[in-house]
Amino acid sequence: MARLVRSWILLLILQSFLVSIAFGSKEVEEFSEALLLKPLPDRKVLAHFHFENRAPPSNSHGRHHHLFPKAISQLVQKFRVKEMELSFTQGRWNHEHWGGFDPLSSMNAKPVGVELWAVFDVPLSQVDTSWKNLTHALSGLFCASINFLESSTSYAAPTWGFGTNSDKLRYGSLPREAVCTENLTPWLKLLPCRDKDGISALMNRPSVYRGFYHSQRLHLSTVESGQEGLGSGIVLEQTLTVVLQPDTTSVERNTQPSWSLNSLFGRKVVGRCVLAKSSNVYLQLEGLSGHELKNVDSEIEAHKLWKNADFELSLKPDRVLREISSFLFIFDIEKSSDSEPFDLGLTWKRPSKWLCQLAPLHASRFLMGSGNERGAIAILLKETESQEKLNLTNGRCTIKVNIFQIFPWYVKVYYHTLQIFVDQQKKTDSEVLKKINVSPSTDKVSSGMMEMMLELPCEVKSAAISIEYDKGFLHIDEYPPDANQGFDIPSALISFPDHHASLDFKEELGNSPLLSKFKEKSSVRSYTEVLLVPLTTPDFSMPYNVITITCTIFALYFGSLLNVIRRRIGEEERFLKSQGKKKGGLKQLLSRFIAKIRGRPIEESSSSSELQSSVLSSKLIFKIILVAGAAAAWQYFSTDK
Amino acid sequence: MAADNRYEEEEEVRTDDGSPITKPRPIVRLGIFLVAHSPVFSVVFSAAGVLALLLLPLLAKNTYISENALMPGSARSMLSNRDASDGSKLVKDIKNFRLNHEGQGVEVQRLIGKYMSEMVAEVYYQKFQPEGNQFHPLHFFSGPASYTLLGNVSCASYGVNVVGIIRAPRGDGKESIVLVTPYDFINGGDYEDLSLGIVSSLFSLLSRVTWLSKDIIWLVADSRYGDYRPVAAWLAEYHTPSFKVSDLLKCDELNTADNFRRAGTVAAALILKVDGRSERFEDILSIYADASNGQMPNLDLINVVNYLAVHRQGFHVKVEKVVSLLSSSWLKIVGEIFEAVGKVANTLNPDWKFGIPAAEYIEGSATLASSLYSQALGIPTGPHGAFRDYQVDAITLKISPGFPPDSKARQHDFFLRGSQLLEGTIRSVNNLLEKFHQSFFLYVLTSPSKFISVGVYMIAFALLVASLPMVAASLYVDGCKALTKSTHNSAENFKSWKWLDAAKQVFALHLLGFIVTLLPYFICQVPGQHSPRNRSIMWGTTSSLLLVTFVTIPGCSPFSSRLHGTNWAILKSVTISAAFIGLCLMSIINFATAEIGALLLVPTCLLAQPIKPALRSRRVKSLLGAFCSMVLVTIGFPVIFFAITKGLVGEGLVGLSLGGEFWTWLESLWAWKSATYLYIGMVHLPCWLLCVCILFHPS
């Protein structure tokens with residue numbers, strides 16, 4: 001036994017040694033945490049949590065991880081995911097007030113509900129299978145109904161409109177997914193410190209979900225090592241973007257509300273996550289007045305920067321970075337402890353107003369038409385007061401706009417009805433449309449997709465794109481439980497491939513993943529609204545009525561049809577004639593009817609039959625009275641208490 | 001109908017053979033029995049139909065909230081005095097502004113817009129053109145998509161709507177709720193200001209709350225050109241923008257270009273109006289719900305408002321009623337009879353509770369009559385009608401405050417209660433995950449809290465029209481007999497074609513009706529200004545000329561001499577069939593029209609008989625019959641009926657102005673795309689003409 005234990009220990013030591021050699025030769029797993037705070041012009045505050053986890057390339061199978069979540073690495077290995085992004089969002093990003101041009105908004109303004117896209121590193125024929133398996137795995141991992149993206153009617157394979165040019169890309173979104181704390185908890189589990197320590201300890205659920213917008217995002221990409229025999233490394237980026245409304249006690253409406261971390265989240269940072277390589281808090285202030293931009297060289301001036309007539313920070317920033325239109329204050333939370341928690345606060349002294357950088361065009365999408373039959377989807381692009389617009393191509397200033405949208409199959413889009421209006425003038429396709437790629441939907445099999453690239457003149461005031469559709473009929477079992485709500489058309493993605501959102505810092509950056517992310521050039525993107533299409537819905541609450549009416553109609557129809565087919569009237573007549581020679585009563589009865597119809601007095605000959613019929617009818621009346629009396633009596637006695 | 005014919009044929013076969021047969025199947029026998037005794041049964045059924053109609057107020061059920069998600073009144077109102085004083089402030093500011101600036105431009109709109117944007121709403125202005133109502137014969141039943149911009153835009157007259165949108169903080173922006181306050185910016189009265197006060201109090205609250213899941217749109221509609229038009233223009237722009245250049249944009253300094261904003265699918269709309277002081281001390285809330293062609297919003301919406309208004313805010317809620325019926329003595333007698341019957345039934349079995357007090361019955365009948373009338377007319381009773389065109393449930397709430405407009409103390413309380421009522425309603429609609437679908441869409445109201453559903457009220461109609469196929473069948477048999485007797489030609493005796501001549505005539509007259517229906521469009525195209533009276537005279541003469549032309553075409557005319565043998569019975573049979581089909585079709589489109597039409601058309605059709613033989617016979621019974629049919633035919637003429645209804649409502653008409661009034665009335669019908677107009681032209685008028693033909697049939 002002891003020998004066995006000893007050999008075990010030996011084995012373990014050996015293994016850890018080997019592993020450390022394997023990592024020691026290259027890099028080690030790295031984790032970093034960061035929080036970016038940014039006051040917004042409409043008296044709200046944006047908090048952006050950013051966690052990055054890097055697993056370096058290694059060649060060992062079933063390898064051991066120190067920091068990197070095992071679930072994710074298994075996912076990557078199993079489904080051979082090259083790049084993937086999953087986001088859970090609630091609320092709408094306000095492009096006008098919260099910005100649309102900076103990297104923060106173009107990366108973190110996500111469509112409502114769940115959005116998932118993934119690029120696979122498998123042969124083309126296996127991409128769909130991998131996607132389906134991936135959705136199920138993620139569904140289990142994140143407690144969400146991502147598995148509904150498995151159905152081929154709910155995802156699409158964008159070619160170039162999504163931004164990533166790959167034929168192994170799959171994209172799907174679930175606009176109706178309700179996002180709540182059950183999705184956040186598994187997401188937090190992927191962090192080495194969870195929400196116990198470090199910056200993530202700020203994530204007080206009530207505060208996070210009280211916000212106007214929150215979007216949790218998980219982006220992972222594999223990094224090829226480039227070496228033979230070495231696997232690929234994984235970079236896992238987890239972000240949570242929250243827009244919060246600070247509690248305002250001041251009556252004054254013009255001044256921005258003052259806040260502190262404690263007042264925003266109800267918690268304070270009491271220390272860094274010890275496993276993190278770097279843990280920083282950034283505060284970004286936009287649109288500070290011009291005179292301050294000039295003289296920030298000396299130390300005193302820098303001091304002035306965070307404590308001046310306009311505002312005051314409660315803590316001294318460790319560094320100040322300058323960008324074209326904003327300042328970035330950097331705080332290291334390493335010094336904070338239980339006795340001295342890190343509680344950054346911002347106090348506004350004077351009313352100040354500024355504008356966010358807006359995307360070149362503001363996009364909105366809406367439905368046209370009414371009724372249960374036809375309609376149209378329109379996308380309206382409007383000019384904004386954006387600074388950066390100029391892109392000269394062939395001596396002409398143009399804005400390139402990519403539009404990518406998915407249509408569920410029950411929205412049968414007629415692509416030939418595409419109409420483009422620029423500045424309220426109808427344009428032919430060739431004038432503004434650079435590129436278009438359409439894959440029509442197949443009923444109950446696949447969803448439709450449209451990618452188009454517009455080239456609009458820079459001085460454009462507004463552009464509208466409309467496309468007509470028919471509403472399809474669903475089979476009874478295809479309706480969701482709340483069918484009467486209507487059906488969602490996922491958000492369209494509007495991107496500006498020639499406009500790059502990046503923060504251009506003058507100073508040298510430290511080793512901060514968040515800032516290097518911001519410095520990367522990424523195209524400006526924005527998502528439009530989700531649309532709600534009311535479809536014809538059967539009245540599910542009335543199955544009984546439907547069954548009875550259908551059965552009655554069927555009985556009547558088949559009864560008469562069978563009669564027509566089966567009975568031979570002529571034969572029956574002859575048979576009856578031969579049989580009923582003796583009886584003459586009915587003939588007389590009939591003749592009496594006809595006499596009555598003609599309105600003539602009944603002939604004498606029929607008197608006997610009349611007598612008979614009157615006797616019959618009196619009998620009948622007697623019977624009816626008897627039955628009615630019995631019924632009345634029964635009713636009377638049964639209900640009488 | 002077809003089944004009846006089949007029984008008829010079976011009967012034919014047997015009698016032709018003259019053979020004794022064994023008993024046919026019971027259903028066949030029943031059919032034969034009904035057809036054979038059709039005079040009796042038609043009287044019984046028609047009487048039962050009228051009786052069932054009179055019984056409807058007794059059969060009305062109490063309303064209930066059908067959709068559980070609505071939960072009206074379950075949340076405590078969050079509206080504070082501060083919000084109400086916000087509303088008072090706006091009203092005061094507008095009043096002051098008006099005193100200083102005499103009705104100039106769009107300044108009041110700007111003021112309201114400023115208030116809205118202070119409440120963190122997105123504000124925009126929309127210009128619209130007061131559009132003249134034009135008759136387009138093919139626009140019936142077409143959607144509102146056929147909205148076209150007029151070519152000549154004049155800057156002299158246009159309206160400006162102010163719209164504010166509050167975005168739901170965590171909502172997904174898929175749905176919205178619309179609040180409308182029609183407001184005359186130029187000469188709005190003191191009471192109109194109060195509606196702005198109520199909604200701005202509410203808006204001030206909604207900009208703070210966190211429970212919103214649907215966006216809220218507040219539309220201040222410029223009611224200078226009527227209440228309906230600005231709302232319809234806004235809805236048209238919301239749902240079917242043209243993306244084309246509108247000259248209207250250049251009209252004013254107010255730049256409205258390209259800032260129209262939307263907020264998803266409209267879930268429900270509430271139109272709030274405050275007007276006139278109520279006669280009573282308490283505030284009266286009137287609910288208007290009828291949209292075009294008798295379409296009603298979901299009953300749940302009315303229920304929620306009614307529940308909150310009565311049980312939470314203490315408003316006196318009412319719906320429209322025909323006032324003249326309240327004092328009618330015959331209705332009182334009917335009510336007392338029903339009350340007595342109810343009492344007797346109650347003594348027999350205490351569980352039979354169908355008797356209601358006579359006073360309540362009269363109230364119910366007056367409301368029912370008003371409901372039926374407004375549904376039958378097919379003209380919306382307010383701006384909510386515009387929403388119905390886009391399948392949005394909407395109602396108009398008209399509040400008549402019980403205090404003079406300058407009473408500050410009560411005004412504050414009024415704002416508080418009014419906006420709490422709206423808050424509760426919005427909160428209920430906001431709770432809805434699905435659109436309104438649980439409760440009834442087909443109903444008539446007999447009081448704000450009582451309704452008659454489609455299953456009950458269609459009994460009256462079904463009984464009324466049930467006699468028609470019976471009588472048609474029996475007349476057909478009759479006519480065939482007569483034809484067989486008169487002609488012994490075997491080729492002409494081929495029985496299934498006997499109705500063909502009559503059908504030709506009926507078809508010809510229906511064609512005439514169709515042409516007459518379309519005529520007003522061409523009369524409107526006649527250049528020059530014409531008074532309504534002249535136009536109606538033009539219409540009348542052209543129609544009569546057409547009628548004469550039709551009558552002279554051989555083969556089509558009911559009086560054509562070639563077929564001297566044409567039996568009036570067969571003609572009447574086909575007429576009745578046509579009337580039956582027309583009524584049944586109309587009952588699908590607009591039930592109330594069909595019901596009132598049946599009340600008029602069924603006795604006329606049933607009693608129509610040639611008067612010649614009646615006069616010849618000089619018997620009292622037949623003379624009486626002839627007289628009755630004459631009277632009914634006279635009443636049945638649309639113009640006469642219109643005059644009688646006007647007289648009943650209490651508006652006297654002088655003979656000459658009748659034509660003009662009638663024309664104006666019809667013009668309003670087609671302007672609102674009312675199917676009643678089509679019914680009058682294509683069902684009622686031809687059937688009436690055919691009845692006249694039968695009346696003067698040379699037999």
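Which residues make the nonpolar surface patch of about 840 Å²? In this predicted model, the patch draws on both chains: A:Tyr636 and A:Phe637 come from chain A, while B:Ile333, B:Ile337, B:Val341, B:Val344, B:Leu348, B:Trp352 and B:Phe354 come from chain B. Two elements give two or more residues each, namely helix H16 (607-639) of chain A and helix H10 (329-348) of chain B. H10(B) is the top contributor, with five residues. One of the patch members, B:Ile337, sits in this helix H10 of chain B. B:Ile337 has a relative accessibility of 46%, so it counts as partly exposed.

The chain A side of the patch can be set beside a database record. In an unreviewed entry, UniProt lists residues 544-565 and 620-637 of chain A under "transmembrane region". In the model, the span 544-565 is 100% helix and 0% strand, and its end C-alpha atoms lie 31 Å apart. The span 620-637 of chain A is likewise 100% helix and 0% strand, with 26 Å between its end C-alpha atoms.

Now for the chains as a whole. Chain A has 641 residues, and 49% of them are buried. Its secondary structure consists of 16 helices and 27 strands. The accessible surface of chain A is about 31,500 Å², and carbon and sulfur atoms account for 57% of that. If one takes the contacts in chain A between residues at least 6 apart in sequence, 76% of them join residues at least 24 apart.

Chain B has 699 residues, with 54% buried. Here the secondary structure comes to 23 helices and eleven strands. About 29,500 Å² of chain B is accessible surface, 63% of it belonging to carbon and sulfur atoms. For chain B, 84% of the contacts between residues at least 6 apart in sequence join residues at least 24 apart.

What about the aromatic rings? Over all chains, the count is 46 aromatic pairs. One of them is the tilted pair of B:Trp234 and B:Phe260, whose ring centres are 6.4 Å apart and whose planes meet at 35°. The partners come from distant parts of the chain, 26 residues apart: B:Trp234 belongs to helix H7 (residues 228-239) of chain B, and B:Phe260 to the loop between H7 and strand E6 (265-274) of chain B. B:Trp234 is buried because its relative accessible area is 0%. B:Phe260 also counts as buried, at 10% relative accessibility.

A second pair brings helix H10 of chain B back into the picture. The rings of B:Phe338 and B:Tyr361 are edge-to-face, because their planes stand at 65°, with the centres 5.5 Å apart. B:Phe338 lies in helix H10 and B:Tyr361 in helix H11 (residues 358-377) of chain B, so the pair ties together parts 23 residues apart in sequence. B:Phe338 is buried, with a relative accessible area of 11%, whereas B:Ile337, its neighbour in helix H10, is partly exposed at 46%. B:Tyr361 is buried too, at 1% relative accessibility. In chain A, ring pairs join A:Trp117, A:Phe162, A:Tyr171 and A:Phe404 into a cluster.

Two individual residues round out the picture, one from each chain. Is B:Thr446, in strand E10 (residues 443-447) of chain B, buried or exposed? The relative accessibility of B:Thr446 is 4%, under the 20% limit, so the residue counts as buried. Apart from neighbours within four places in sequence, B:Thr446 is in contact with B:Pro57, B:Ala60, B:Glu363, B:Gly364, B:Thr367, B:Leu368, B:Phe451 and B:Ile452.

A:Arg194 is in the loop between helix H6 (181-189) and helix H7 (205-210) of chain A. With a relative accessible area of 41%, A:Arg194 is partly exposed. Not counting residues up to four places away in sequence, A:Arg194 touches A:Leu188, A:Lys189 and A:Ser200. A:Cys273 is 79 residues from A:Arg194 in sequence, yet the C-alpha atoms of the two are 9.2 Å apart in space.

Definitions and conventions: Residues numbered from 1 in each chain as written. Chains lettered and ligands numbered in written order. Predicted model: local features only at pLDDT ≥ 70, side-chain atom pairs only at ≥ 80, totals over all residues. Heavy atoms only, no water. Patch = residues over 30% accessible without salt bridge, like charges linked within 9 Å, V, L, I, M, F, W, Y side chains within 5 Å. Areas by Shrake-Rupley, 256 points an atom, 1.4 Å probe, with all protein chains shown as cover. Salt bridge = Lys/Arg side-chain N within 4 Å of Asp/Glu carboxyl O. Helix = DSSP H or I, 4+ residues; strand = E, 2+ residues; numbered from the N terminus. Buried < 20%, exposed > 50% of the residue type's maximum accessible area, 1.4 Å probe, protein only. Contact = heavy atoms within 4.5 Å. UniProt positions renumbered as here; feature names shortened; annotations may be inferred. Phe/Tyr/Trp six-rings, centres within 6.5 Å; stacked < 30°, edge-to-face > 60°.
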